[in-house]
Amino acid sequence: MIFVNRSLALEKIKCFGFDMDYTLAMYKSPDYEELAFALLLEHLVSIGYPHEILAYKYDPTFPTRGLVFDALYGNLLKVDSHGNLLVCAHGFRFLKGAEILHYYPNKFIQRDDMKRFHILNTLFNLTEAHLYACLVDFFTNCSRYVNCDTGYKHGNLFMSFRSMFQDVREAMDSVHLSGCLKEKTLENLEKYVVKDPRVPLLLSRMKEVGKVFLATNSDYNYTDAIMSYLFDFSDGDKAETPQRPWRSYFDLIVVDTRKPLFFAEGTVLRQVNTDTGKLRIGTYTGPLQHCAVYSGGSSDVVCDLLGVKGKDILYMGDHIFGDILKSKKRQGWRTFLVVPELARELQVWTEKSELFEELRSLDLFLAELYQHLDSGSSERPDISSIKRRIQKVTHEMDMCYGKMGSLFRCGSRQTLFANQLMRYADLYAASFINFLYYPFSYLFRAPPVLMAHESTVEHGRLDVGEAGTALAPWLAQHGHPGQQVGGRGLRSRRAEESQHQQPDAGGVLCPLSPPPPFQVAGVRRDSSGEEEDDGEA
């Protein structure tokens, strides 16, 4: 299933763009994070950190994306879009009430203070977030160190949380840039990389209806090794398409992009010698060459080489900032965010729906207590027990997702990550492979977003049958859009070819359900005030 934040007519997309890491190439969790975590610990020990930290193991139930690290006090924070605190942890100890107020008197942070507050938004950041918790836990409980508000003291030495943050960031850069993580990954691709025979099938179909490009921060040698593995089904693996070189699936391949710089001024565009992996000297200024590979460049260069612009492009990536936010704000590209956590999130959301319903009931009960009171009332309802119950249900709900709770919410409040996803990702799903089960004529239609005052008016919900009845006069005059829309059927021939199954949010096959009924085209204004053209003729 693909989820819609802003309406998008797929038949208007002329170009499909892809990131590689965690998009085309999905890494197996928690194996990949465990590998990265072990390499980070080894690097920290090599620069002088105590050997005892090697005893820590990566715990996939602790971190979640979208956390904020406070480099002044060493706390991991979960916040909403305004900077209000939802969860606060010092190491593995979760702070409560007075302890939180000691550090954050208003239970609020200034997210604009980028030198102090660092957002951990990527899937690569999961190991980093867990490492901060491990280090704080170790030094807090080690008798050799004296605890201070902003760090630890050992004799005449003082280690601040800021210096710890810098050490971890340098370790992250070293592990990625030195190539040791890539080398370990390539040594055992089967253990660390998901291989899906549907990837070549989907890309070949996309290439039939538009142009396809790859833009990755990885170097060519690593990209070539990963992509060759993903597209190689010569060992008896079931493939949906004939075997052919991976580069033939793309009209343009760009490595070393250095996103998010790629979406601004970019870097020098150079051509890659695919035989040696080395770069050719000089800036490339020629036309697009078939199956050629380029290094650097910018999003403007991609548009020029492919002959497309802005909203012609649907770009797919996993990085909310480097892939989605920058491509949307600076280039106006349409965006698709890959959120692998959706499978688990949806599972819990379904299985524990009664907890959220209880939260809603408690909110309604609070409203009823004040319903008949006004500014002249001296009565003060006792809501302390209700507030305690709300806190208890919220905590119980959070623990169903993991120690840091859901990626998207804390009780009835949405997280910073959820807000960014809704604001910048037009579409999102657990995997881009879900496009395989939609025709290229499909109209992704966003549901209307009601403002607070609009939600006070109750509108009855129509099911599919009732909607058909309500639209009967219009359908009689215009014909059923499912028969023929804009010269193309609502479901293309490809969608009908032996596709009796489709993946759920986690990519697991489940019985195919028909897409939502076609809706009348129109223009919708989203929450950011931006008008989205969602399918006029």
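In which sense do strand β13 and strand β15 pair, and over how many bridges? In this predicted model, β13 (residues 252-255) and β15 (residues 293-295) run parallel, and three bridges hold the pairing. One residue pair to look for here is Val255 with its bridge partner in β15, Ser295.

Both strands belong to an open sheet of nine strands, ordered β1-β20-β17-β16-β3-β12-β13-β15-β14, in which the pairing is mixed. At the edges sit β1 (3-4) and β14 (270-271), each of which pairs on one side only. Helices lie across parts of this sheet too. Helix α7 (residues 198-209) lies across β3 (15-18), β12 (211-215) and β16 (313-317), and runs at about 145 degrees to β3. Helix α10 (residues 320-331) lies across β16 and β17 (334-338), at about 165 degrees to β17.

There is also an open sheet of five strands, and here the pairing is antiparallel, with the order β7-β6-β5-β4-β8. Its edge strands, β7 (93-94) and β8 (117-120), each pair on one side only. Strand β6 (residues 85-90) is joined to β7 by two bridges, and Ala89 stands opposite Phe94 in β7.

Turning to helix packing, the axes of α11 (residues 342-351) and α13 (residues 384-401) come within 9 Å and cross at roughly 140 degrees. Angles over 145 degrees would count as roughly antiparallel, so α11 and α13 are oblique to each other. The crossing is right-handed. On the α11 side, Arg344, Glu345, Val348 and Trp349 do the touching, and they meet Met397, Cys400 and Tyr401 in α13. Sorted by class, this contact has five nonpolar residues, two charged ones and no polar ones.

Conventions:
Residues numbered from 1 in each chain as written. Predicted model: local features only at pLDDT ≥ 70, side-chain atom pairs only at ≥ 80, totals over all residues. Heavy atoms only, no water. Axes fitted to C-alpha atoms, helices over the stretch in contact; angles between N-to-C directions. Helix = DSSP H or I, 4+ residues; strand = E, 2+ residues; numbered from the N terminus. Parallel < 35°, antiparallel > 145°, perpendicular 65-115°, else oblique. Left-handed = near helix turned anticlockwise from the far one by under 90°. Contact = heavy atoms within 4.5 Å. Nonpolar A, V, L, I, M, F, W, Y, C, P; charged D, E, K, R; others polar. Pairing = 2+ DSSP bridges.
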